[in-house]
Amino acid sequence: MSHMPELESTVLPADAVEVGRIADAWGVKGWFKVIAYSADPEALFTAKQWFLLPAEKGAKNFVGTRILPVKQARPHSDTIVATSPVVPDRNAAEALRGARVFVAREHFPKTDDGEYYWVDLMGLQVLNREGVALGMVKDLLATGPQTTLVLTYEEGGKERERMIPFVDAYIDNVDLPGKTITADWQPDY
């Protein structure tokens, strides 16, 4: 029988970003597996506390936002495993299954020039050099060595998608405060 660990209730910080979900218990000592939403889940390793929201589907063992103190998080094959001082055993870890994991933005490592978090690019308007609107960033795809922007736009009353490689050859400028990306791209490509 899984028993929910004692987790402090809190309010989700305004700058919190959903970074993964707890998949299952791992081992018998209270470790749990986390599926990260990013190929480079640095924030999961650096943040000393995660914010949990209940699973969107399936059993909900808690309501509202809870704080999960993190003792250690590390890569393990294709997932991440983590442990918390308030999760003493496998039963407590199983009770967290499905929980959505958020990390406060302040715990994200700083980006270098020309590096962006995917979450910051979502919803930005993409214009070409002539100022023609190409669409809004709806998603990003990691396709091998490069990332591709997936834009959504309307044409003839129908929603369509356009893809642009997120590489220096095509991306001139990312203006986060202005919520725009300028690309060397034509609407008919």
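The largest cavity in this predicted model has a volume of about 40 Å³. One cavity of 30 Å³ or more is what the structure holds. Beyond that, there are two open sheets to walk through, one of eight strands and one of six, plus a handful of residues worth a look.

**The cavity**
- Start with the lining, which takes in residues from two stretches of the numbering: Pro 54, Ala 55, Ala 59, Lys 60, Asn 61 and Phe 62, and then Ala 95, Leu 96, Arg 97, Gly 98 and Ala 99.
- Sorted by class, that lining comes out as seven nonpolar, two polar and two charged residues.
- Lys 60 and Arg 97 are on the lining list, and both count as charged because Lys and Arg belong to that class.
- Gly 98 is on the list as well, and it goes in the polar group because Gly is counted there.

**The eight-stranded sheet**
- Reading across this open sheet, the strands come in the order 1-5-4-8-2-3-7-6, with antiparallel pairing.
- Its edges are strand 1 (8-10) and strand 6 (72-76), each of which pairs on one side only.
- Ignoring direction, neighbouring strands here are turned by 40° against each other on average.

**Strand 4 and its two partners**
- Strand 4 covers residues 49-53 and runs antiparallel to strand 5, residues 65-69, with four bridges joining the two.
- Two of the pairs across this join are easy to pick out: Trp 50 sits opposite Leu 68, and Gln 49 has Pro 69 as its bridge partner.
- Turn to strand 8 (residues 100-104), and you'll find strand 4 pairing with it over three bridges, again in the antiparallel sense.
- On that side, Phe 51 has Phe 102 as its bridge partner.
- Strand 4 is mostly covered, with four of its five residues buried.

**Thr 65, in strand 5**
- Thr 65 belongs to strand 5, and its relative accessible area is 10%, so it counts as buried.
- Leaving out residues up to four places away in sequence, Thr 65 touches Glu 8, Ser 9, Thr 10, Val 11 and Leu 12, along with Phe 51, Leu 52 and Leu 53.
- Set that against the sheet order, where strand 5 sits between strands 1 and 4: among the residues Thr 65 touches are Ser 9 and Leu 52, with strand 1 spanning 8-10 and strand 4 spanning 49-53.

**Trp 26, in strand 2**
- Trp 26 lies in strand 2, which spans residues 16-26.
- Its relative accessibility is 24%, so Trp 26 counts as partly exposed, because that label goes to values between the 20% limit for buried and the 50% limit for exposed.
- Setting aside neighbours within four places in sequence, Trp 26 is in contact with Trp 31, Phe 32, Lys 33, Arg 74, His 76, Val 81 and Arg 90.
- Two of those contacts, Arg 74 and His 76, fall within the numbering of edge strand 6 (72-76), while Val 81 falls within that of strand 7 (79-83).
- For a sense of distance, take Leu 151: from Trp 26 it is 125 residues away in sequence and 38 Å away in space, C-alpha to C-alpha.

**The six-stranded sheet**
- This second open sheet has the strand order 12-11-10-9-14-13, and its pairing is mixed.
- Strand 12 (158-165) and strand 13 (171-175) are the edge strands, each pairing on one side only.
- From one strand to the next, the twist averages 35°.
- Strand 13 runs antiparallel to strand 14 (residues 180-183), and four bridges join them.
- Within that pair, Val 174 stands opposite Ile 181 in strand 14.

**Two loop residues with positive phi**
- As background, most residues other than glycine have a negative phi.
- Ser 77 goes the other way, with phi near 45°, and it's located in the loop between strand 6 and strand 7.
- Ser 77 is exposed, with 69% relative accessible area.
- Lys 179 also has a positive phi, of about 55°, without being a glycine.
- You'll find Lys 179 in the loop between strand 13 and strand 14.
- The relative accessible area of Lys 179 is 55%, so this residue counts as exposed.

Key: Residues numbered from 1 in each chain as written. Predicted model: local features only at pLDDT ≥ 70, side-chain atom pairs only at ≥ 80, totals over all residues. Heavy atoms only, no water. Pairing = 2+ DSSP bridges. Axes fitted to C-alpha atoms, helices over the stretch in contact; angles between N-to-C directions. Buried < 20%, exposed > 50% of the residue type's maximum accessible area, 1.4 Å probe, protein only. Contact = heavy atoms within 4.5 Å. 1 Å grid on protein atoms, 1.4 Å probe; cavity = no way out; pocket = protein on both sides within 12 Å on 5 of 7 lines; lining within 4 Å. Points joined across faces, edges and corners; volume = space filled by probe spheres on them.
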